[in-house]
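Please look over the following model, with attention to how its strands are arranged into a sheet. The report below follows the strand pairings one at a time.

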Amino acid sequence: MITLVTVKPCGFLSRALGKSVSIDAERITVATLLELLQARMPPSDEPTLSRANTLVAVNGIEVSALQGEETALSDNDMVTLIPISHGG
């Protein structure tokens with residue numbers, strides 16, 4: 001079964017991926033989604049897309065409150081990606 005997931009990137013991720021991304025995939029998890037999106041990002045000096053530097057919410061719930069990167073995504077899920085960036 002094909003799953004349609006909508007991704008809303010924030011911050012530098014929206015510059016790299018666009019304001020909204022639709023992903024069609026079969027049996028997709030958060031980990032797989034992040035890999036697919038990283039492959040779409042153009043080379044840059046920005047950090048890579050990973051759970052270490054990105055808050056990931058599925059339908060408004062941060063994935064650490066679900067099953068982390070192994071959270072299975074369902075048809076019509078909305079995934080929000082919020083980069084954790086700071087200066088020093």
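In this predicted model, Thr-6 has Met-78 of strand β5 as its bridge partner. That contact sits within a wider pairing, in which strand β1 (residues 2-9) and strand β5 (residues 78-83) run in the parallel sense over 4 bridges.

Strand β5 also pairs with strand β3 (residues 54-58), here in the antiparallel sense and over 5 bridges. Among the bridge partners in β5 are Val-79, which is matched with Val-58, and Pro-83, which is matched with Thr-54. Strand β3 is largely enclosed by the rest of the structure, because 4 of its 5 residues are buried, that is, under 20% relative accessible area.

Strand β3 pairs with β4 as well, in the antiparallel sense over 2 bridges, and Val-58 has Ile-61 as its bridge partner in β4. These two strands, β3 and β4, form a hairpin with 2 residues between them, and Asn-59 in the turn has a positive phi of about 55 degrees.

The three pairings are set out below.

| Strands | Sense | Bridges |
|---|---|---|
| β1 and β5 | parallel | 4 bridges |
| β3 and β5 | antiparallel | 5 bridges |
| β3 and β4 | antiparallel | 2 bridges |

As to confidence, the protein chain averages a pLDDT of 89, and 93% of the residues score at least 70. Among the elements of the chain, strand β4 (residues 61-62) has the highest mean pLDDT, 97, whereas helix α1 (residues 12-17) has the lowest, 89. Where pLDDT is low, the predicted coordinates should not be read in detail.

How values were computed. Residues numbered from 1 in each chain as written. Predicted model: local features only at pLDDT ≥ 70, side-chain atom pairs only at ≥ 80, totals over all residues. Heavy atoms only, no water. pLDDT = per-residue confidence, 0-100. Pairing = 2+ DSSP bridges. Buried < 20%, exposed > 50% of the residue type's maximum accessible area, 1.4 Å probe, protein only.
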